[in-house]
Amino acid sequence: MEPWDGRARAHRAPRLLVLALLLGAQPGAQAEEPSSEFSLVEVMKGEPVALNCTALGSHDHFVLEWFLADRSGFRHRLASAEWQGSELQGRVHDSRGRSPPYQLDSRGRLVLPEAQVGDEQNYVCVVRVGAASTEATTELRMFAKPEATEVFPNKGILSVVDDSTQEIATCHSRNGNPAPQITWYRNGQRLRVPMEVNTEGYMTSRTVREASGLQSLTSTLYLRLRKADRDASFHCSVSYHLPTGRRGRLDSPAFHLTLHYPTENVDFWVGSPSTTEGWVREGDSVQLFCRGDGNPSMEYVFFRLQDKQEDVLKTNLEGNLTLEGVQRGQSGTYGCRVEDYDAAEDAVLSKTAELRVAYLDPLELSTGEELSLHLGNSTTVNCSVRGLPTPALRWTKDFVPLGNGPTLSLSSITFDSAGTYVCEASMPTVPLLSRTQSFNLLVQGPPQLSVEETQPQTEGGWREGEEVRLVCSARGYPEPKLSWSQLGGSPAEPALRGQGWVSSSLTLKVTSALSREGVSCEASNAHGKKQHVFHFGSVAPQTAQAGVAVMAVAVSVGLLLLVVAAFYCMRRKARPGCCQRGEKGAPPPGEPQLSHSGSERPEQTGLLMGGASGGGRHGSGGFGDEC
């Protein structure tokens, strides 16, 4: 016998039930006692299965019958079939209310569609051939996978102080077949607890057969709890049967318990923004934290010890206390106490801690914000400070360290000593707590002069007319005034090199006079004055440029003469032979007459002059050459 789809398995019998038909070899022979066989078929719930029953050998006629054997041994006829010729004719007599009903196929197999819990019975197949008969029994087992495992932990607060066991959780596995098994686990380790009641732990189990015939199992775990169980993870696991001896497993979700256990230890500390050394800055807000290891959380009492007396500051359940804007007077011993009346007598329920408030007062200098000294003098400046922990002092000028300590010594000061000096106080153990104070040193004295010598643009010295820019710088206190012996000097401005220097510039052309006299720059203040004279040496004349000027004048004069001559010819063009050499005559009427005085030659009295004055053609007043 085998399942309809081949997934069920048969045990202790072959897949094909062999029915031995014993018939007499001769007329009148006695039939032997009927023989019997047994087999086991396993199938999952809902799957179809077919029970096989076949007569071996060749027979012209035989009868096959299926019976259901109940627990009392009574057989209920289910179906029958008769072999005649080459065809097996059968029918179902009684399905005993099964839905869907039994079926008998063409091979004489009893078919059970959709295996059910009620199908777990013994089925008997009987084959008769003449007077001989034989039978075989098949036991059908049906397996059902249970539903998802459910667990219901104890939601209350369980005390570890109790000496007896307490209910931990209940685990349910529903609608399985056969009945499953439940195992309990703590932190992934199996709990080997017995079924008998005891003071350390046990479990109870109850199996219920549902109306469907499937079975449900309930298991309840009891344990005596310890404080170590406060973080333990529990769950239950259901193991169920499958065909061919296999087993399946369904785990429940993990859960934790809420335990009540007394306080054994208390931790108390100063929170942010404290430093590694435990200092807090004056003015900061400071948090105090207190934590006990009991559960549920007890009441926390914060206090300050003053003259060995507890000055209660606050009581709460959170275990936090904030001190806003702490001041130096709040330094001292603070404590926390846990009010747990279930704690053991030797349990330490109180802790203290030191609160150290760091402070730094403004710095004080022995001089004011400004110190004025004369050139070459010496002095010392003291920087005093009050703070806790003891601050460290150092001096700097223009970010350059000068030395450590409260005293700054200045000796034989120069103009380079002038500037801003800074005293800085800091605390290595409190990095963000520091202060500074500064003063400005003014150095009084006559001006100090510095000039920029300008070199000629060409080798061999300066030339007449070359442009030069002179720069004069000075420093001193009061700030010196700069003046030039020549006009055009720029106003004094701070020099690029700083350090109190001011500068002025003068741009001019080099001349022979400047070469002889020089150009002077003078710096002066209330303490004196200082002068510098710029010299240019010998200044060469500009010869090439003079020759060009003379040539230009000559060309201009020649052009002017040509213009005058052309104008004169145009005025005389009306006369025949005008501007022709050899023709002489009196001037036309209306023409002005050139004259000269004394014995001067005509050529010396005008640009163009004729002979001597007179009206004759060849007289002294005519023009001998008119062009």
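## A disulfide between β42 and β46

Let's start with cysteine 472 and cysteine 521, which are joined by a disulfide with 2.0 Å from S to S. This bond ties together distant parts of the chain: cysteine 472 lies in strand β42 (residues 467–477) and cysteine 521 in strand β46 (residues 519–525), 49 residues apart. Keep in mind as you look that this is a predicted model.

Which hand does this link have? With -90° about the S-S bond, the link of cysteine 472 and cysteine 521 is left-handed. Both of these cysteines, 472 and 521, are buried.

## Two more cysteine pairs

Cysteine 53 is joined to cysteine 125 by a disulfide, with 1.6 Å from S to S. Here, too, distant parts of the chain are linked: cysteine 53 sits in the loop between β5 (49–51) and β6 (54–55), while cysteine 125 belongs to strand β12 (residues 122–129), 72 residues apart. The link of cysteine 53 and cysteine 125 is left-handed, with -70° about the S-S bond. Are its two ends buried or exposed? Cysteine 53 has 1% relative accessibility, so it counts as buried; cysteine 125 has 0%, so it counts as buried as well.

Next comes the disulfide between cysteine 171 and cysteine 236, with 2.1 Å from S to S. Its partners come from distant parts of the chain, with cysteine 171 in strand β16 (residues 166–176) and cysteine 236 in strand β21, 65 residues apart. Why is this disulfide right-handed? The torsion about the S-S bond of cysteine 171 and cysteine 236 is about 70°, so the disulfide is right-handed. Both cysteine 171 and cysteine 236 are buried.

## The whole set of disulfides

How many disulfides does the structure hold? There are five. If you count the bonded cysteines along the chain, the pattern of links reads 1-2, 3-4, 5-6, 7-8, 9-10.

## Strand β17 and its partners

Strand β21, the home of cysteine 236, also pairs with another strand. Six bridges join β21 (residues 234–241) to strand β17 (residues 181–186), and the two run antiparallel. Where would you look to see them face each other? Try tyrosine 185, which stands opposite histidine 235 in β21.

Strand β17 is also joined by two bridges to strand β18 (residues 189–190), again in an antiparallel arrangement. Here arginine 186 has glutamine 189 in β18 as its bridge partner. The hairpin of β17 and β18 has two residues between the strands, and in it asparagine 187 takes a positive phi near 55°.

Terms used: Residues are numbered from 1 along each chain as its sequence is written. This is a predicted model: local features need pLDDT of at least 70, side-chain atom pairs count only at pLDDT 80 or more; totals for chains, interfaces and linings use all residues. Side-chain values use heavy atoms; hydrogens and water are left out. Two strands pair if DSSP finds at least two bridges between them. Helices (H or I, at least four residues) and strands (E, at least two) are DSSP runs, numbered from the N terminus. A disulfide is a pair of cysteine sulfur atoms within 2.5 Å. Buried means under 20% relative accessible area, exposed over 50%, partly exposed in between (1.4 Å probe, protein chains only).
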